[in-house]
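Colleague: Before I plan around this protein, could we go through its side-chain contacts and its surface together, step by step?

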Amino acid sequence: MTDTPERNEAAQEAKRRFRQALERKEHNALAKAAQEESRVKARHAGRRTFHRRKTG
């Protein structure tokens with residue numbers, strides 16, 4: 001069974017759309033991580049935290 005040109009083009013189109021969706025997903029994840037990081041940095045900018053070990 002050989003692929004017809006229409007099937008081959010449809011498969012290529014599906015692969016292209018899948019790659020684009022994956023790129024959008026990766027871009028959104030990176031942007032969200034950067035936003036979270038900047039928010040955490042801004043929230044803890046002027047504060048010092050002290051960690052104490054619990055004894056006994």
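Modeller: A salt bridge here is a side-chain nitrogen of Lys or Arg within 4 Å of a carboxyl oxygen of Asp or Glu, and please keep in mind that the model is predicted.

Colleague: Which side chains meet in a salt bridge?

Modeller: A search of the whole structure returns one salt bridge. Its N to O distance is 2.4 Å, which lies within the 4 Å that the definition allows. The side chains that meet there are those of E13 and R16.

Colleague: Where do E13 and R16 lie, and how many residues apart?

Modeller: The protein has one helix and zero strands. Both E13 and R16 belong to helix 1, which covers residues 5–43. Their spacing along it is about one turn of the helix, that is, three residues.

Colleague: Is R16 buried, partly exposed or exposed?

Modeller: Buried would require under 20% relative accessible area and exposed over 50%. E13, its partner in the salt bridge, has 33% and is partly exposed. R16 has a relative accessibility of 37%, so this residue counts as partly exposed.

Colleague: What percentage of the 56 residues is buried?

Modeller: The protein exposes about 6,200 Å², of which carbon and sulfur atoms supply 52%. Of its 56 residues, the buried share is 0%.

Key:
Residues are numbered from 1 along each chain as its sequence is written. This is a predicted model: local features need pLDDT of at least 70, side-chain atom pairs count only at pLDDT 80 or more; totals for chains, interfaces and linings use all residues. Side-chain values use heavy atoms; hydrogens and water are left out. Helices (H or I, at least four residues) and strands (E, at least two) are DSSP runs, numbered from the N terminus. Buried means under 20% relative accessible area, exposed over 50%, partly exposed in between (1.4 Å probe, protein chains only). Accessible areas come from the Shrake-Rupley method with a 1.4 Å probe; for residues, only the protein chains shown count as cover.
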